[in-house]
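Trainee: I'm new to this one. Could you walk me through how to read it?

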Amino acid sequence: MIKLYGTPLSRAARCLWMLREVGVPFENVPTHFAGEAQSAEFRKINPNGRVPALDDDGLVLFESLAINLHLAEKYGKDLGPRDQTERAQQVQWSIWAVTELEPGVIDAFLHRVMLPEAQRNAKLADAGEAKLARPLAVLDAELGRRDWLVGGRFTVADLNVASVLMVAPIARIDLTSFPRLQRWLGACTTRPAARG
Ligand SMILES: N[C@@H](CCC(=O)N[C@@H](CS)C(=O)NCC(=O)O)C(=O)O
């Protein structure tokens with residue numbers, strides 16, 4: 001049985017989206033990131049004290065996008081790679097999403113939406129958004145050349161990148177200069193499995 005630890009209002013949402021895409025039965029254990037995830041019991045599952053974590057029949061994994069790469073390859077059929085070229089490209093876009101995109105998105109999200117008003121810092125939020133100019137331009141240009149990031153179809157590469165970017169509108173990150181990216185993000189996030 002597959003168990004996915006983490007509440008839907010956390011990075012576990014990325015893996016819940018993937019689990020719904022692949023259509024395998026799973027249990028969602030709603031471990032909360034504040035408190036429960038740091039318990040000694042949960043640290044036996046993820047020593048980092050963070051969610052999500054996956055238990056796939058004894059294979060225990062942390063890191064949301066690594067979990068998705070595993071699920072896509074094992075259960076996802078066309079969502080996963082058809083060959084080594086696609087595998088490499090899917091890994092490339094997934095690592096790019098967490099290194100190039102996520103820090104700026106999270107700074108804007110934390111300091112505009114998530115933190116209590118008194119702890120928000122508008123300068124950090126704006127700096128986070130400014131940091132995104134280069135990677136967002138890269139993604140927009142890529143999506144001018146193709147509809148999907150890898151293999152001419154929706155795959156884990158699109159899901160992983162879109163799942164990092166999907167909070168951008170909530171974080172009031174301006175995407176209007178990136179029309180091809182906006183079209184693609186809409187196509188990803190309106191998939192039935194993305195909506196929960
Ligand atoms: N890189 C990790 C980040 C996981 C992460 O930071 N999760 C947050 C919830 S969205 C968490 O558990 N925070 C608790 C903490 O940092 O103590 C991933 O993508 O899975």
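Mentor: Sure, let's start with polar contacts: a polar contact is a pair of N or O atoms within 3.5 Å. Here, a nitrogen atom of the ligand is 2.8 Å from a side-chain N or O atom of Glu63. A ligand oxygen atom lies 2.3 Å from a polar side-chain atom of Arg50, and a polar side-chain atom of Arg11 is 3.1 Å from an oxygen atom of the ligand.

Trainee: How much of the ligand does the protein bury?

Mentor: Areas come from the Shrake-Rupley method with a 1.4 Å probe. Alone, the ligand exposes 510 Å², and the protein buries 77% of that.

Trainee: What should I keep in mind about the model?

Mentor: This is a predicted model, where local features need pLDDT of at least 70 and side-chain atom pairs pLDDT 80 or more, while totals for chains, interfaces and linings use all residues. Residues are numbered from 1 along each chain as its sequence is written, and side-chain values use heavy atoms, leaving out hydrogens and water.

Trainee: Which residues surround the ligand?

Mentor: A residue is near a molecule if one of its heavy atoms lies within 4 Å of it. Those around the ligand include Ser10, Arg14, Phe33, Gln38 and Val51.

Trainee: Where is the protein chain divided into domains?

Mentor: Domain bounds come from an automatic or database domain assignment. Domain 1 covers 2-78 and domain 2 covers 81-195, with their C-alpha centres 20 Å apart. Contact means heavy atoms within 4.5 Å; 13 residues of domain 1 are in contact with 25 residues of domain 2.

Notes: A polar contact is a pair of N or O atoms within 3.5 Å; within protein, one must be able to donate a hydrogen and the other to accept it, and residues adjacent in sequence count only if both atoms are side-chain atoms.
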